[in-house]
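Welcome! Please take a look at the structure below, and then let us walk through a few of its features together.

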Amino acid sequence: MEAVNLLSSNRYTEKQIGYLFISVLVNSNSELIRLINNAIKNDLASRNPTFMGLALHCIANVGSREMAEAFAGEIPKILVAGDTMDSVKQSAALCLLRLYRTSPDLVPMGDWTSRVVHLLNDQHLGVVTAATSLISTLAQKNPEEFKTSVSLAVSRLSRIVTSASTDLQDYTYYFVPAPWLSVKLLRLLQCYPPPEDPAVRGRLTECLETILNKAQEPPKSKKVQHSNAKNAVLFEAISLIIHHDSEPNLLVRACNQLGQFLQHRETNLRYLALESMCTLASSEFSHEAVKTHIETVINALKTERDVSVRQRAVDLLYAMCDRSNAQQIVAEMLSYLETADYSIREEIVLKVAILAEKYAVDYTWYVDTILNLIRIAGDYVSEEVWYRVIQIVINRDDVQGYAAKTVFEALQAPACHENLVKVGGYILGEFGNLIAGDPRSSPLIQFDLLHSKFHLCSVPTRALLLSTYIKFVNLFPEVKTTIQDVLRSDSQLKNADVELQQRAVEYLRLSTVASTDILATVLEEMPPFPERESSILAKLKKKKGPSTVTDLEETKRERSADVNGGPEPAPASTSAASTPSPSADLLGLGATPPAPAAPPPSSGGLLVDVFSDSASSVAPLAPGSEDNFARFVCKNNGVLFENQLLQIGLKSEFRQNLGRMFIFYGNKTSTQFLNFTPTLICADDLQSNLNLQTKPVDPTVDGGAQVQQVVNIECVSDFTEAPVLNIQFRYGGTFQNVSVKLPITLNKFFQPTEMASQDFFQRWKQLSNPQQEVQNIFKAKHPMDTEITKAKIIGFGSALLEEVDPNPANFVGAGIIHTRTTQIGCLLRLEPNLQAQMYRLTLRTSKDTVSQRLCELLSEQF
């Protein structure tokens, strides 16, 4: 209470003590909070900058939800008021940032947002720095509202970068002008794609070039603070160049700059350079430039003292690997593996296994590499790796004999790893007959070699070996009695492990009872595995987290498609209304980017060209498409279409007038789909109302695999039709053509609005114009269940208003449809009649076409 009393004092020292005490010690749910909030309100209203500063610091330090509820509406006003002092603006921006981080839902976006952006033009650099931190955080959640900050940030950055250090006297740190503000501005620009306005883009490119040029200048001071500040700006600029991934000249320059740091005496710089180069390796513009540093990176593996830097070097080698250098990189990684730190061995093993598989021109090299891997680091070879070897050997006839010979030789070593025994057991059981003609690897010698390892192995490996023995009984009748004796021994038939005992008993009976024909059928060679995503790749993604490896893999796949002479990636299948994204143009590496007016050139085989651009090639809607479409009106996720070949799943999210839809195409067969081309088709009148942008999809979909396509959606104005998704591909030589309606409907752009009873009826009366109301009386198609009805109204997008309608059996909803041009308020009322099994649905909105469309959509649901 004493501290609260001090807040009302007019002396700075007393007030400061009061605020300090409260910031540190008051619990956010203390009963004094009301008194404290009153005192803070008074200080914020006092217009005394010192008192306002103290109050803002207190709000930010406590930062509780109660504080946000009380002041989140006040602080933006102080921040954008014309007469607020600079120091108070600074505090207000940081205070608002703190409240937004703890309770983002309580900070209302509003008229003030556009004015906050203009703080980037402020004379006072302290205000600009605080505002940049605030805008960066807000822009990540609401990019559209802060889009105008891009051009302001570029011009501010340009003024800092080109200024002489004397211009920014107070903000120059060891000869570097305003380094921390520069870093923040560069970070803010990473929230957005490259600027569309050529003037802004040119200015930004100039800034980035200047930063790269300054990095080449001799240092102005020997102190570490100077190089830290300079490098902070440089690395953030390189991050922005990588993020935009659109200026080949800058990407190559950034790569060369980082290359100079690879041998820097400062460990942190070497680490950061390797980390940034990993990302550069995945850009098609700078991949070749990164490859020129391969010797330096390999050298870093051998000589680097710090384990984390060595790990980044491994990551970079993995990222820069392609057909031309795969053998060299795999060999270097294998030799490093012998001395590598235990903490990173498993990851290196996974990477070597993936690279060996991905770039194997000659599969004998692949087999040698993996067996070497097991020999050097057997303990770190996870199950996924040796499973994958077996899958590949079984699926490729040309390598089976070589694999059998190589594992037979590897098993000769007196101490070989258990994983090698597993691979050896499996491969000899399947393909031992391919080397049995040589007296040095006769059936009996093969069996004795495997059985000599048996007593050293764990239970799962012994179980696998028992399966190999019964396969030998089928392949080599001459060793049948020897194997039966082993199976018959007490150590097998009376084994304490139930799995081993069961196998021994059953295999023994099988070998004595079954005729040779039956034995040959039961124990025939394993069929090829269906091709799906490599399990090792999946494991590496899981270890590394979703983004890093996947992005690299995707871009690598697109790049290697040309190198390996595979089909070129298909063009972006954009609807005529949208413009292809810049990255879409860049993927067809050989082709020049299509001119904006012409349709994108089809880059598949000739067969596809025959079908591609002819209007008649779009199939009529698939049967059941309308029903599925109706099901998605009130939900966003699920399976949209399925037949015996293809499954299409959807996952979508909408906010205000924007949406994003993920479409998953699953190949249900074990055969590849070729020239797989999904296209979005919008009717003429829909094109002007709905903006759709898509990324291209890989033209081959492996058997059992799934590919994903992202569609970005913008509602320009209200619409009634839905776009059609047409998918064309070749399956086993036959041309397949499927069309389905894509569930992008007007109600997806609903924002629910809560209302009290009197507000609702007042608004209802205001919308009494005859064309604003649409009513439909219809028979119930589904059982009339109250809970399901509520869920459907909420799923439809409006708020469900409880206790508004005088009749409790009725349902009432309210919301706003957001389009780029307008916002349309919508009220709905659904009156069920249980006796007659009928509904009456009434919709009132400020626009007749919207009332009509929403009524049609919602009537179908009940």
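What follows is a short tour of some helix pairs, a cavity and a pocket.

Keep in mind that this is a predicted model. We start with helix α13, which spans residues 224-244 and packs against helix α14, residues 248-261. Helix α13 also packs against α12, which covers residues 198-216.

**Helices α13 and α14**

- The axes of α13 and α14 come within 10 Å and cross at roughly 140 degrees.
- An angle from 115 to 145 degrees falls in the oblique range, and α13 and α14 are therefore oblique to each other.
- The crossing in which α13 passes α14 is left-handed.
- On the α13 side, the contact is made by N231, L234, F235, I238, I241 and I242. On the α14 side, the partners are L250, L251, A254, Q257, L258 and F261.
- Sorted by class, the residues of this contact between α13 and α14 are ten nonpolar, two polar and no charged.

**Helices α12 and α13**

- At what angle do α12 and α13 pack? The angle is about 140 degrees, and the axes of the two helices are 10 Å apart.
- These two helices, α12 and α13, are therefore oblique to each other.
- Here, too, we can name the hand: α12 and α13 make a left-handed crossing.
- Helix α12 brings L204, L208, I211, L212, K214 and A215 to the contact. Helix α13 answers with K230, V233, L234, A237, I238, L240, I241 and H244.
- The contact of α12 with α13 holds eleven nonpolar residues, one polar residue and two charged residues.
- Look out for L234, I238 and I241 of α13: they take part in the contact with α14 and also in the contact with α12.

**The second largest cavity**

- How many cavities of 30 Å³ or more does a search of the whole structure find? There are four.
- The second largest of the cavities has a volume of about 100 Å³.
- Its lining is made of P194, P195, R201, L204, T205, L208, L240, I241, H244, S246, E247 and L250.
- Both α12 and α13 supply at least two residues each to the lining of this second largest cavity.
- Which helix gives the largest share of that lining? Helix α12 does, with four residues.
- By class, the lining of the second largest cavity counts seven nonpolar, three polar and two charged residues.
- Some names should look familiar: L204, L208, L240, I241 and H244 line this cavity and also belong to the contact of α12 with α13.

**The second largest pocket**

- The second largest pocket has a volume of about 600 Å³.
- It is lined by 23 residues, and those closest to its centre are S227, N228, N231, H264 and L269.
- Helices α13, α14 and α15 (267-281) each give at least two residues to the lining of this pocket.
- The largest share of the pocket lining, eight residues, comes from α13.
- The lining of the second largest pocket includes eight nonpolar, nine polar and six charged residues.

**Helices α17 and α18**

- Further along the chain, helix α17 (residues 294-303) and helix α18 (residues 307-320) pack at about 145 degrees, with axes 9 Å apart.
- Helix α17 passes α18 in a left-handed crossing.
- The contact joins I294, V297, I298, A300 and L301 of α17 to R310, A313, V314, L316, L317 and M320 of α18.
- The contact of α17 with α18 has ten nonpolar residues, no polar ones and one charged.

How values were computed:
Residues are numbered from 1 along each chain as its sequence is written. This is a predicted model: local features need pLDDT of at least 70, side-chain atom pairs count only at pLDDT 80 or more; totals for chains, interfaces and linings use all residues. Side-chain values use heavy atoms; hydrogens and water are left out. Axes are lines fitted to C-alpha atoms, for helices over the stretch in contact, and angles run from 0 to 180 degrees between N-to-C directions. Angles under 35 degrees count as roughly parallel, over 145 as roughly antiparallel, 65 to 115 as roughly perpendicular and the rest as oblique. A crossing is left-handed if the near helix is turned anticlockwise from the far one by less than a right angle, and right-handed if clockwise. Contact means heavy atoms within 4.5 Å. Ala, Val, Leu, Ile, Met, Phe, Trp, Tyr, Cys and Pro count as nonpolar, Asp, Glu, Lys and Arg as charged, and the others, Gly among them, as polar. On a 1 Å grid over the protein atoms alone, a cavity is a set of points where a 1.4 Å probe fits but cannot get out, and a pocket is an open set with protein on both sides within 12 Å along at least five of seven lines; lining residues have an atom within 4 Å of a point. Grid points are joined across faces, edges and corners, and a volume is the space filled by probe spheres set on the points.
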